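Hi everyone, thanks for coming. I'd like to walk you through a structure that's probably new to most of you, so have a look at it first.

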Amino acid sequence: MQKLALVGLGASGLFALKELAGADVEVHVFDVGPAYARRYPCPIDQGKLEVCPPKACSYCAPGQSAGSWNDFKVILSASPVIGGRLHDLIGEAELQKRLDRVRATILEHAPVAIPVVTPNEEDLAWIKKKAALAGMTYHYQELLHCGSDNAPAINTSILDEIVGKGPNIVFHWDTKVLSASRSGQRFAVRHDHYRKPGQEKEEIFDYLIVSVGRGGAHWLTQQEFYRALDIQPGQVDIGVRVETSCYFTEEVDRRFYEPKLYFRSRRHNDVVRNFCSNPRGFVTPENHRDYVLVNGHSKMFEKSENNNFAVLVSKTFTRPFKDPQMYSQTIAKVVNMLAGGGPLIQRLGDLRAGRRTKSLDNNLVKPTLEAECGDVSLAYPHRILEGIIEYIDALDKICPGVADASTLLYAPECKSYPDSISVSKTMETTIPNLYIIGDSSSWTRGVGQAATSGILAGEAVRARSSGASKLLPPAVPAQPSSSPVAAG
Ligand SMILES: Cc1cc2nc3c(=O)[nH]c(=O)nc-3n(C[C@H](O)[C@H](O)[C@H](O)COP(=O)(O)OP(=O)(O)OC[C@H]3O[C@@H](n4cnc5c(N)ncnc54)[C@H](O)[C@@H]3O)c2cc1C
């Protein structure tokens with residue numbers, strides 16, 4: 001039997017594996033994280049810790065932190081703008097068909113009924129008018145919000161079903177793939193135990209599916225085959241996590257949960273957008289070991305009185321500059337330095353007045369994350385801050401109150417995306433039998449499309465390994481990410 005290595009079992013890897021359960025191929029799954037059943041919710045959310053430990057605990061370490069475990073919002077619409085670029089790769093109908101399968105799988109494995117947020121005609125007419133008057137563009141999406149509290153049960157149940165159908169699957173949990181390289185027409189994969197290294201092994205595989213997510217993007221660039229791929233530099237988003245009263249946004253939250261609203265900054269013409277809204281949710285740290293970002297999530301049962309969401313300014317770069325990830329990480333580290341190692345918080349009123357925030361006593365909006373008060377403008381480029389303030393002012397026309405002085409801004413909220421890699425409609429690269437799926441391919445930006453890319457690769461390998469398809473469809477040239485695409 002032919003052998004396949006699946007490196008990374010996040011959103012994309014899981015749905016690829018679902019397609020490969022019971023196929024004519026021996027599948028070896030490698031993930032640095034512990035077995036799904038041994039993963040746990042964030043200790044801060046559980047009230048077991050008050051602040052993040054200086055080094056990331058295993059929650060934020062690889063294998064625990066991504067969106068199918070944290071918040072778990074799934075964009076269900078085949079949008080050309082939101083959640084990734086698979087619309088460009090496979091077209092609306094094929095994308096929607098796979099997204100419908102992702103939706104059905106998640107709902108089937110959910111421990112409770114999870115509502116799908118679908119805007120109705122009246123909501124759409126309302127937001128289109130409001131957005132136009134505010135100078136913003138609304139992008140339609142249907143959304144499933146599973147919540148961090150339901151994520152472990154859903155993921156574990158999907159995996160249990162796969163295990164039941166997949167005697168051809170071998171799991172290597174707590175295992176880091178150190179390197180993957182070409183070995184003739186096949187692939188050599190070197191791996192070791194993640195927490196207790198020293199048991200290094202190398203095995204040869206006929207197929208390689210790389211699904212290491214954004215966290216593994218740098219690792220991917222270090223692999224032997226990387227230079228043989230057709231690539232373009234990725235995009236960065238730099239912004240803040242806005243936390244405001246849930247009463248300012250309640251109409252929009254009720255109608256849409258999260259409306260995707262895009263804006264062009266007036267002076268610099270940058271695309272500014274909202275991302276990851278968490279009505280009645282919580283702001284959280286996102287610990288990357290050598291720097292700490294902010295993020296947000298919400299739960300199905302426990303609620304706060306705030307809404308948090310990111311406002312992000314998108315930037316792409318041209319040569320000779322080739323390291324957008326380093327750019328955003330450097331900004332994040334400067335913010336952390338000013339804040340004594342963690343995130344910084346500032347009132348919008350103080351930012352406008354050009355002064356640091358000293359205290360949040362008596363502030364209308366009470367923070368849900370303890371962060372150091374300070375001045376974000378000491379770390380962020382002026383161009384970025386100007387875009388953020390213009391966006392919040394425009395949003396205030398749709399959600400009156402959002403631009404109040406009491407609104408809180410947390411930094412750093414930075415997202416960087418891997419290089420864009422040319423792939424075929426089945427996510428196969430220009431190297432035969434090498435598939436790069438999910439966010440590490442840069443074609444996806446959220447759980448829904450990451451899972452879809454996994455389905456595409458899984459279907460293709462299943463067909464090829466059974467002899468049904470030997471054809472290699474042409475890879476689509478990588479497109480520079482000049483038009484920013486929103487994540488989930
Ligand atoms: C905190 C957070 C919250 C998010 N919330 C949402 C949300 O609500 N909705 C949404 O749509 N998107 C969300 N996202 C984005 C979403 O997580 C990603 O788009 C999605 O998970 C991408 O899936 P993936 O399979 O490409 O990568 P991932 O899900 O990140 O999976 C990658 C896997 O590869 C493993 N891995 C990496 N390197 C190696 C290696 N060398 N060896 C072995 N294993 C390796 C990792 O352990 C991990 O399990 C969020 C992201 C974060 C960080």
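Before I get to the helices, a quick word on angles: each axis is a line fitted to C-alpha atoms, for helices over the stretch in contact, and the angle is taken between N-to-C directions, from 0 to 180 degrees. Also, keep in mind that this is a predicted model.

Okay, so find helix H2, residues 86-109, and helix H10, residues 447-465. Their axes are 9 Å apart, and the two helices pack at an angle of about 95 degrees. Angles from 65 to 115 count as roughly perpendicular, so that's what we call H2 and H10.

Who's touching whom here? On the H2 side you've got Leu 86, Leu 95, Arg 98, Leu 99, Arg 101 and Val 102. They meet Gly 448, Gln 449, Ala 451, Thr 452, Ser 453, Ile 455 and Leu 456 in H10. Sort the residues of that contact by class and you get seven nonpolar, four polar and two charged.

Now let's zoom out to the domains. The domain assignment gives domain 1 as 2-110 + 148-232 + 419-465, and domain 2 as 136-145 + 236-416. Taken over C-alpha atoms, their centres sit 28 Å apart. Where they touch, domain 1 puts in 23 residues and domain 2 puts in 22.

And which elements of domain 1 supply at least two residues each to that side? Strand E3, at 73-75, and our friend H2. E3 gives the most, with three residues. By class, the domain 1 side has twelve nonpolar, six polar and five charged residues.

That's my tour, thanks!

Key: Residues are numbered from 1 along each chain as its sequence is written. This is a predicted model: local features need pLDDT of at least 70, side-chain atom pairs count only at pLDDT 80 or more; totals for chains, interfaces and linings use all residues. Helices (H or I, at least four residues) and strands (E, at least two) are DSSP runs, numbered from the N terminus. Angles under 35 degrees count as roughly parallel, over 145 as roughly antiparallel, 65 to 115 as roughly perpendicular and the rest as oblique. Two residues are in contact if their C-beta atoms, placed from the backbone, lie within 7 Å. Ala, Val, Leu, Ile, Met, Phe, Trp, Tyr, Cys and Pro count as nonpolar, Asp, Glu, Lys and Arg as charged, and the others, Gly among them, as polar. Domain bounds come from an automatic or database domain assignment.
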